[in-house]
Structures are given as structure tokens and as C-alpha cells.
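Please find below my notes on the model, set out as numbered points. They take up charged pairs, a sheet with its helices, a helix pair and some backbone details.

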Amino acid sequence: MKHLRTIALAMVALGTTMTGNAQNISGRITCDGVGVANVPVSDGYVVTKTDANGNYSFTSQKKNGYVFYTLPRGYEPSTSYNFKTGFWQPLTSTDVNTAETHDFVIKKVDNDDHIMIVGADSHLAKRNSDRSMYQTGWINALKKERLEAVNAGKRIYSIILGDLSWDNYWYANTYNLTNFIADQQTYGYPVALFPVIGNHDNDPGVAYTSSDKGVTTDFKSSEPWRKTVCPNYYSFNLGKVHYIVLDNIFYKNEDTGGSYSKGVVGSRNYAARVEQYQLDWLAKDLADVDVNTPIIVCEHIPTFRLNSTFIAYGGTENYTALATLLKNYKEVHFLSGHTHYNYTARPATYPNMVEHNIASICATWWWTGVTNGTNVKYQVCQDGSPAGYSYWEANGGDLKWEYRSIAGERDMQIRGYDMNKVKEFMSTNTYAVACVKKYGASVVPNYASYADNAILANVYNYDTDWKVSITEGANIKLASYRLNEFDPYHVLAFDVNRYKAALSINTGFATEKNGHMFRAYATTSNLPITIKATDHFGKVHYCTFQRPIGLSLDMVDQQVDADLGDVNVDGIVNVSDVTDLINSILGSQPAGFSKITADMNGDGEINVTDVTELINKILG
């Protein structure tokens, strides 16, 4: 009898353990003390929903070490973990037999109309005054955007698309993800952040595991991210938009026998793909998302890339598996970083999808600004785009976007070049000549093949539905065409200036050809040039400059975001410009007057001839 009782007690104990294991993660999601129903909750594998009272529970193998909820429409988290949005919590135990509770509090807001600021590749590593420039540029830009959003009555959020840190310096400079977070707290990071993991956010001190072809390495190397930053894949809703964050880095860190930085045990190599367990989770996540909902997928490595003939192709190993899950949705936008340059790819096979690869916050790893002090104004990416971010505006289900500089020069969408002067610089500057000779024109171009009076334009965020035109003087329309080309400003800011400083360059950071360059040939060498670009949403951008204009870092100050003749820079060329021009000649120069757009004939003087030219332009 006693023996039977012992067995019975053991079975009860076993049953209790099994029950605890079956419900080892539970909690409640509330708003103002009231449970919120139908909120998805997940550990990255299981997806469940809160009941009518906001309660949830599920069985977790506790592999990822976290639990998160998918923020429902019309809410925000009201708690924060470190400096980030508190949509998740780390688990307290790895023991699947230990039950734990995780409650969340959310608040009701109207975020159908919202702003999303999307940056990529901050690469903080406690080097090159990077943290100072990050504050001056990115943090101050966020503060400005936040103030404008609040004044407009809109909610504002942010995303960094990976490479918050730089794995090569985690141990050498004692700067890892924990240090990055501490810095954000110090800087007062002003906007709720939804982070994305990048390849440089993995622990380079985890050795490659050949026995399972790196599976263990990939999982262990992302552990610091999962413990200190947030889940490495998750989703959230803001208004009518469903956002998805994925980890598409399979971090290998194979030892190739090279010389590594302190604490680094491998080459820090990786594969670009979304693992099947994430795709399985994503299928569950999408199960209740209506096909008419705009989808924004945030990853570090682009899913689609552009070739030299501007054709989109798959950029990750298993992009088709991911695209298949999303092919029935009306509108899918992929946001990515990694490349440090801008491009937009529209894959013909998936007409509902667009890849927006966004140039970096850090430009060329914070090198270009160092060559001219720590002025973020001269930080430029490998495609010539200024260090910057993508500004997204959601008005219900309607989305708009544009590229902006961290230096605050948001209206400058174009940089133009007088190739006569670019060729002259590259053939006469001592360091430019030596740099081209050492690395070859295929790495550092000298533009020697350009005929006289060529004009080159870089339209940073160009898309195929943009319209670009180039005008010489008041009304000479030039034939222009798109090409893959090196941006001269980056050739100067990085290639030549780095060579000048060190007599060598890291060719991995050198200027890259990009597909948003346009070339035309002018009829003269001195008439002003106006480049006009009309974007996806009908917004018109200008870049006007006088010739000759040399290749220099401050050449950006000699270009105006206005049409030739718009002397008061109000966006319209009309009679008021004539009045202002005459008043200027008479000695009463009005506020906002631009000598660049007022010098209609490019002779260096503002006089009656310019008035005549301006009147003729207005009359057509």
C-alpha cells in the first residue's frame, strides 16, 4: 500500500512538472489595467495569442532566450528595456521545466499616420571620433525629426538596419553591443528604436563549429544581441503597416589562418540567408495579416540587388523562399543596409516587391569626415550619397519615402559635376595621380575617357519612375542617360584624401560604381547647369551650379537646390524673381537671394543681362 502511494505521489509530481513544462511561459498584456485580446506572443518558434482578458501561455523550448509580442495597431509599448522599445523581455531561465511569467503594458495611441526614420550601419567602434560624429549627425537629426513630427501631431519611430557596432573592435577597443547601448542612454536617444541585427553585430570570439557547419557558431555568436539588444527576428504593427524584422546573417567566423584583431578567432565571414526556422515563424506571423496590408521587411543584407544593367536579382541564398511567403501581398517593401550605398530594385518576377537599399549613417566607416576634421557635412558613402537615412511617412496605408542627410541638408538630393574640372584635378593633383597609378583606374578612376564639357549628376535616391533632366543655361535641354559610374566626390573624399594621409587605401572602402549617375554633354564650358529630378511622388528636386566648378570637399556649398532663375529660392521662377534681381542690382539685395541661381549667363556678374535672360526664360 505504501509502495502504491509512493508511485501515486511520483505520478502527481511528474504530472505537475509536465504541466509546468507545457505552460512554461505565460503572462498578461494590458492597457490601462485592462487585458488586450488577440495580441500575438512568441518565442521565435511558437506563436500564440492573448485571450479575451489579455492572458497568454505556451510551451517554449526556450532556445532563443526571449519572449516578445507583436505590437497591435493603435498601440505603443509603455515600458522600455534599456533605451529601446519594450516589446520583449529576456527569459530568466533556460530550464524548460521552470515556469516564468512575463507581463507587458501597452498604451493606446493613434499611429495610423506616423513617421519612421530608417538608418543603417552606424558602425560605432570607439575610433575616428565616430561617437562624436554619430551624436552630431544621427542623434541630432533624430531630435530634429522628432520635434517636427510632434509639432505635426504625428507619432515617430526609428529603425537601424544592422551593424550598430563593428565586431572587429569588440575586444580590441572594448566596444561591443553593451557599450553601444550605454552610449545611447548617455546621448538620450530620442526616438523609439526597432533594431535589426547585422553581420558586424555578432560575437567574433565564437569559433567556427565544423561538426555542424557553423550552426552552433551562428546561434552562439548572436547571443549577445538576443540578450542585450532585442530578438533577432520579430514583427510589429504601426497603424495600418505590418513591419517584419529578420536576421539574414548566418555567421560562420571560419579560421582561414589570417591575422586577427584582439579577441577575434576567425575571419568573421558569413552567409546571407534567412534560416528555415525563421521562415516557419514568419508563416505563422503572416497567417492573420490581410493581403492588402502594406508590408515592410527590415533586414541587414538586401534580398534583391541590381546588376550593371540595372536588372534586379536575388541577393540572398534563399530569397525565393522568403519571396514566396510574401508574393500574395499587395505591397511589400524590403528595407536593407550593408552596402553603404543607395539603390532601389524592382524585381520583375515579384512586381509587388521593392528593395530599398539605404546608404549608411557612418558613410564610409567614418573615414571621409576625418579627412576634413569631424564635420559630418563631408561624410559621404561609397556611391557619393551623403551619410544619411530614409524618411518614411505613413498616412494610413499610403507610404512615402525620401533620402535625407544626417548633416541636415535634407533638400539636397543631387550633386552635379563639371567633368572638365574633375578630369583636371585627377590628372594634376599629386596624390590623385599617384593613387590612380598604384591601384589602377578600375579601382580609382581618372575619368580620362570623358570628352570635353561633360556633365555628371548623382541622383542619390533615384528610382526607375523618377524623371531626370539636365539643362545648360536658361533653356538648352541636354540629352542625358543613366549609367553605372564612380562618384567623383567620394573619389576625392576617401580615395585621394586617404591616400594623401597614409599613402594607401583600403580598397574594400574605395568608391563603388552606382546606378544613379547621369551623364550629358554641354555645348559650352561656362554656362550654368541645372539638374532637375522629379521623384516617385511628384516632388521636384533641383541642383544648380555655375561653371567652372572645381572638385573640392566644399563644392557642395557652390550648388543650390533651386532652378536657375529662382533667385529668391521659393521654388518658383516668376516675376517676383525679376523684382528681387533688379533690387539686388540697385543695391537692395533681398533676404534669401542666391547669386548662383541669379547669374543666368554664368559670367560671374549680376547685371541687366541676367534680368533679360530671366525674363526670356519666364516668357518661354
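1. Glu393 and Lys154 join their side chains in a salt bridge with an N to O distance of 2.6 Å, where a salt bridge is a side-chain nitrogen of Lys or Arg within 4 Å of a carboxyl oxygen of Asp or Glu. The two residues are 239 residues apart, Glu393 being in strand β27 (residues 388–395) and Lys154 in the loop between α2 and β14 (155–160); helices (H or I, at least four residues) and strands (E, at least two) are DSSP runs, numbered from the N terminus. Glu393 is partly exposed at 21% relative accessible area, whereas Lys154 is buried at 18% (buried means under 20%, exposed over 50% and partly exposed in between, with a 1.4 Å probe and protein chains only).

2. The model is predicted, so that local features need pLDDT of at least 70 and side-chain atom pairs count only at pLDDT 80 or more, while totals for chains, interfaces and linings use all residues. Residues are numbered from 1 along each chain as its sequence is written, and side-chain values use heavy atoms, with hydrogens and water left out.

3. The structure holds 22 salt bridges. Among them, Asp167 pairs with Arg268, with the closest N and O atoms 2.9 Å apart, and Asp167 is buried, with a relative accessible area of 0%. Another joins the side chains of Asp463 and Arg346 at 2.6 Å, N to O; because Asp463 lies in the loop between β30 (454–459) and β31 (467–472) and Arg346 in the loop between β24 and β25, this pair ties together parts that are 117 residues apart in sequence. Asp463 is buried at 3% relative accessibility, and Arg346 is partly exposed at 33%.

4. An open sheet of 6 strands follows the order β16-β17-β20-β23-β25-β24 with mixed pairing, two strands being paired if DSSP finds at least two bridges between them. β16 (234–238) and β24 (343–345) are the edge strands, each with a single partner, so one side of each has no neighbour in the sheet. From one strand to the next the twist averages 20 degrees. β24 and β25 (residues 353–357) run antiparallel and are joined by 3 bridges.

5. Helix α6 (residues 276–286) lies across β16, β17 (241–245) and β20 (295–298), at about 165 degrees to β17; axes are lines fitted to C-alpha atoms, for helices over the stretch in contact, and angles run from 0 to 180 degrees between N-to-C directions. Helix α7 (residues 319–326) also packs on the sheet, touching β17, β20, β23 (332–336) and β25, and its direction makes about 140 degrees with that of β23, contact meaning heavy atoms within 4.5 Å.

6. The axes of α8 (residues 419–428) and α9 (residues 430–439) come within 5 Å and cross at roughly 75 degrees, and the two helices are therefore roughly perpendicular (angles of 65 to 115 degrees count as such). Their contact involves Phe425, Met426, Ser427 and Thr428 of α8 with Thr430, Ala432, Val433 and Val436 of α9.

7. Some backbone values deserve a look. A cis peptide bond, with omega about 0 degrees, joins Arg547 and Pro548, and Pro548 is in the loop between β36 (540–545) and β37 (559–560). Asn38, although not a glycine, has a positive phi of about 60 degrees and is exposed, with a relative accessible area of 54%.

How values were computed:
Parallel < 35°, antiparallel > 145°, perpendicular 65-115°, else oblique.
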